[in-house]
Amino acid sequence: MTIFTRSLLLAGLSLACALPVHAEGAHWGQKLPETANSHIFAPIVLPGSADEEALKKADYVQEEYLLSGTGNIYAEGSQGGPISVAKSGVPYTTRVVIVRPRDPKNFNGIVQFAFQHPSLAGTQWGRIDTLVLRTGSAYAVVINGGDAPSRKLGSPQFPVSAPYLPRWYDPVRYKAFDVPEDDGIRWDIIGQTASLLRDPGSTGPLAGLKVRRVYVSGWSFLGSTIRSWINFGFHDRYRRKDGSPVIDGYLIGISAGSVEAGHVPLNSTGPHVDHRRDMLRQIDVPVIELTSSMEAITNVFPQAPESDAVKGGHRIYELGGVSHLDQGTHAQFKPATEQLIARHHPAAKEAPVCTVEDTDVPMRDVAQAAMANIDIWVSTGKAPPRTSRMQVQSDGKDYVRDAFGNPLGGVRVAQLDVPLVTYAEAPASACGGVVPIRNLKRLPVDPALLAKTYPGGKADYLAKFDARLARLQAQGWLLPPDAQEEGQRARGYADQAFGAR
């Protein structure tokens with residue numbers, strides 16, 4: 001079967017799945033207030049953290065709501081044929097945490113929608129936080145299911161899978177929470193939650209507000225969830241009453257379609273189906289795929305072509321100097337991890353402390369600009385910038401690298417085009433005997449290389465860095481506030497490399 005034949009078969013959904021639907025059967029439940037004795041589990045921001053201070057400074061509130069509905073468990077057809085409904089009318093009650101402007105008049109009409117990771121209910125607020133707070137958007141995150149690895153890692157005493165954790169954490173607060181065992185429920189939880197966010201009505205966290213667009217971003221497993229949501233046809237299925245899409249655009253983060261992990265199974269019980277050769281399906285809204293150097297080298301099968309059109313819009317961005325967990329900005333609290341550590345949960349662990357600094361290649365900033373560009377794409381038709389893929393050596397085992405040892409190609413941020421360090425894994429000796437394999441660090445280079453590259457010293461370096469930043473901002477790769485912060489950080493790194501004078 002060719003790639004194109006399989007894509008056509010994937011497009012041919014069964015009647016049960018092809019009929020457009022919206023949030024019928026789903027409804028907002030009670031608001032769960034935060035009190036001295038009852039706390040949100042895995043919130044977007046943790047009380048007492050710097051992230052909560054940023055929320056307060058922007059005059060935002062954080063709220064938690066239950067959401068109930070009924071959904072289907074779907075099954076894959078044989079040899080890539082249409083999917084079908086294996087079980088219908090499956091009830092669920094999940095929860096949605098949302099941050100929004102306190103004053104409704106400050107809401108810009110955009111909802112950034114995300115999912116919580118199946119392992120330890122991780123949130124990904126730190127990859128979009130300042131974009132939301134600067135623009136007046138809302139951000140909502142839902143628990144929509146688990147996965148097989150997280151269930152296997154957990155135990156009744158210490159569960160790991162996200163659907164088990166709320167009741168474990170607080171059985172009174174979450175007594176009504178009930179996400180079914182079969183992860184196949186996730187697709188209708190996503191669609192029904194997005195529908196209620198897009199058309200809020202008179203109840204729920206956005207009651208009475210006018211929502212103009214809903215965007216979805218997800219990283220790692222959650223990026224793969226987006227890819228499978230699109231390829232299984234759920235984007236096409238979930239429509240508003242006027243026929244327009246419920247979701248207006250997507251960012252698929254650190255997920256490569258050419259590997260098993262780049263796709264999420266349709267349900268928990270069906271036979272394994274290999275989707276590694278499936279191209280991303282063309283839909284009627286734009287999609288940007290953004291990967292780090294860890295995933296980009298694995299994307300070996302043909303990818304969907306890039307397109308500037310709004311309908312079918314597509315970009316592939318690859319960024320060197322970062323790995324799977326890197327953000328390239330200040331460290332973010334992981335609220336669920338912090339809460340679980342406080343409860344002595346054995347699966348929740350602090351990251352190793354290293355004597356070398358984390359990478360400063362700005363994955364978060366590139367992602368925020370990409371999300372802003374998706375909105376421009378949808379609202380004006382102006383497509384975002386294009387770039388080349390990262391350059392891989394002929395044996396496919398490593399990238400082509402520059403004199404600093406950093407990979408060539410991909411998104412050329414200033415930190416890569418005007419380098420000071422090598423971005424690589426730190427030795428175990430620098431991190432308490434542990435190699436943080438999914439993180440890259442700033443490793444020093446020979447001073448002679450710096451002198452050769454920047455004969456004018458610190459002033460030479462900063463002039464080149466600032467010029468590159470300005471160019472990236474003009475091209476749409478960086479938003480102005482993020483570019484300004486990068487320039488400020490560069491001054492500190494320049495002092496380290498060349499001396500404070």
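1. A cavity here is a set of points, on a 1 Å grid over the protein atoms alone, where a 1.4 Å probe fits but cannot get out, and its lining residues have an atom within 4 Å of a point. Grid points are joined across faces, edges and corners, and a volume is the space filled by probe spheres set on the points. With that in hand, a search of the whole structure turns up six cavities of 30 Å³ or more, and the largest has a volume of about 80 Å³.

2. A word on the model before going further. It is predicted, so local features need pLDDT of at least 70 and side-chain atom pairs count only at pLDDT 80 or more, while totals for chains, interfaces and linings use all residues. Residues are numbered from 1 along each chain as its sequence is written, and side-chain values use heavy atoms, with hydrogens and water left out.

3. Back to the largest cavity: 13 residues line it, and D360, Q415, Y461, F465 and Y493 lie nearest its centre. Helix α16 gives the most to this lining, with four residues. Helices and strands are DSSP runs numbered from the N terminus (helices H or I, at least four residues; strands E, at least two).

4. That makes α16 worth a look. It covers residues 480–498, 19 in number, and reaches 27 Å from its first C-alpha to its last, close to the 27 Å expected at 1.5 Å a residue; the expected span is 1.5 Å times one less than the number of residues. Its buried residues are D482, A483, E486, G487, A490, Y493 and A494. They sit on the same side of α16 because they cover an arc of only 135° around the axis, the arc being that of the directions from the helix axis to the C-beta atoms. On the other side, Q484, Q488 and Q496 are exposed. Buried means under 20% relative accessible area, exposed over 50%, and partly exposed in between (1.4 Å probe, protein chains only).

5. What do the buried residues of α16 pack against? Their partners are α4 (129–135), α12 (363–380), α13 (414–417), β11 (441–443) and α15 (457–475), with contact meaning heavy atoms within 4.5 Å. After the helix comes G499, whose phi is positive, near 100°.

6. The largest nonpolar core has 126 residues, and F113, W125 and Y250 have the most contacts inside it. Helix α12 gives the most to this core, with nine residues. Such a core is a set of buried Ala, Val, Leu, Ile, Met, Phe, Trp, Tyr and Cys residues joined through side-chain atoms within 4.5 Å.

7. Helix α8 (residues 221–231) is mostly covered, with 11 of its 11 residues buried. Among them are F221, R227 and W229. G233 follows α8 and has a positive phi, near 95°.

8. Two residues other than glycine deserve a check of their backbone. I254 has a positive phi near 35°; it is found in the loop between β7 (249–253) and β8 (287–292) and counts as buried at 4% relative accessibility. H344 has a positive phi near 60° and lies in the loop between α11 and α12, where it counts as exposed at 66% relative accessibility. Most residues other than glycine have a negative phi.

9. Lastly, T70 lies in strand β2 (residues 60–75) and is partly exposed, with a relative accessible area of 38%. Leaving aside neighbours within four places in sequence, T70 is in contact with G25, G89, V90, P91, Y92 and Q192. The C-alpha atoms of T70 and I189 are separated by 8.4 Å, although these residues are 119 apart along the chain.

Conventions:
On a 1 Å grid over the protein atoms alone, a cavity is a set of points where a 1.4 Å probe fits but cannot get out, and a pocket is an open set with protein on both sides within 12 Å along at least five of seven lines; lining residues have an atom within 4 Å of a point.
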